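Here is a short walk through one protein model. Keep the structure in view and follow along from the overall fold to single residues.

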Amino acid sequence: VNSFCPHGGGDVAAANQPWRSTNAGPAPASVVGFYAAGCEGVMTHHGTAIHAHAIVETHEGRITGHLDSLSVSAGAALLLPVPR
């Protein structure tokens with residue numbers, strides 16, 4: 001996220017922006033992430049304490065990357081670690 005936060009201000013030239021993909025339709029995916037309080041703009045985007053990545057199987061193979069937003073269907077499973 002550091003230097004590429006779209007919510008942190010400052011324009012980044014198109015040639016220097018990270019690769020992007022947008023999927024307007026449903027796609028099965030695994031989402032992995034973490035909560036990092038106090039790390040906005042370094043480990044998370046400004047305005048959030050969550051950093052998440054999606055792993056998506058496509059007809060061209062597996063892709064993965066930072067997840068800016070998502071919506072989930074009814075019946076989706078949320079798996080959380082057991083606190084120790």
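**A first look**

The protein has 84 residues, and 13% of them count as buried. This is a predicted model. Its secondary structure consists of three strands and zero helices. Read from the N terminus, the elements follow the order β-β-β.

**The sheet**

Start with the strands. The three of them form an open sheet. Their order in the sheet is β1-β2-β3, and the pairing is antiparallel. Two strands sit at the edges: β1, covering residues 29-35, and β3, covering residues 61-66. Each of these edge strands pairs on one side only. On average, neighbouring strands of the sheet are turned by 15 degrees against each other, with direction ignored.

Now take the pairs in turn. β1 and β2 run antiparallel and are joined by seven bridges. One residue to find here is Ala29, in strand β1. Its bridge partner in β2 is Val56. Is Ala29 buried, exposed or partly exposed? Its relative accessibility is 45%. Buried means under 20% and exposed means over 50%. Ala29 therefore counts as partly exposed, at 45%. Look also from Ala29 to His53. The two are 24 residues apart along the chain, and their C-alpha atoms are separated by 9.8 Å.

Next comes the second pair. Strand β2 spans residues 50-58, and six bridges join it to β3. These two strands also run antiparallel. How many residues does the hairpin between β2 and β3 pass through? The hairpin joins the two strands through two residues. Thr58 has its bridge partner in β3, and that partner is Gly61.

**Along strand β2**

Stay with β2 and look at single residues. His51 is found in this strand. Its relative accessible area is 9%, so His51 is buried. The side chain of His51 makes a polar contact with the side chain of His53, at 2.9 Å.

Ala52 lies in strand β2 as well. Is Ala52 buried or exposed? Ala52 is buried, because its relative accessible area of 13% falls under the 20% cut-off. From Ala52, turn to Gly65. These residues are 13 apart along the chain. Their C-alpha atoms are separated by 8.5 Å.

**The loop before β2**

Step back to the loop between β1 and β2. Thr44 is found there. What is its relative accessibility? The value is 0%, so Thr44 counts as buried. The side chain of Thr44 also has a polar partner to look for. A polar atom of that side chain lies 2.7 Å from the backbone oxygen of Thr48.

**A salt bridge**

Charged side chains come next. The structure holds one salt bridge. Which residue pairs with Glu57 in it? The partner is Arg62, and the closest N and O atoms are 2.7 Å apart. Glu57 and Arg62 are both exposed. To place them, use the strand ranges: β2 covers residues 50-58, and β3 covers residues 61-66.

**A nonpolar patch**

Finish on the surface. Which residues form a nonpolar patch there? They are Val31, Leu70 and Val72. Together they have about 290 Å² of accessible area. One of them, Val31, lies in strand β1. Val31 has a relative accessibility of 43%, so it counts as partly exposed.

**Putting it together**

The picture is an open sheet of three strands, ordered β1-β2-β3. Seven bridges join β1 to β2, and six join β2 to β3. In strand β2, His51 is buried at 9%, and Ala52 is buried at 13%. Thr44 is buried too, in the loop between β1 and β2. The salt bridge links Glu57 and Arg62, both of them exposed. The nonpolar patch takes in Val31, Leu70 and Val72.

Definitions and conventions:
Residues numbered from 1 in each chain as written. Predicted model: local features only at pLDDT ≥ 70, side-chain atom pairs only at ≥ 80, totals over all residues. Heavy atoms only, no water. Pairing = 2+ DSSP bridges. Helix = DSSP H or I, 4+ residues; strand = E, 2+ residues; numbered from the N terminus. Axes fitted to C-alpha atoms, helices over the stretch in contact; angles between N-to-C directions. Buried < 20%, exposed > 50% of the residue type's maximum accessible area, 1.4 Å probe, protein only. Polar contact = N/O pair within 3.5 Å; in protein donor to acceptor, adjacent residues only side chain to side chain. Patch = residues over 30% accessible without salt bridge, like charges linked within 9 Å, V, L, I, M, F, W, Y side chains within 5 Å. Areas by Shrake-Rupley, 256 points an atom, 1.4 Å probe, with all protein chains shown as cover. Salt bridge = Lys/Arg side-chain N within 4 Å of Asp/Glu carboxyl O.
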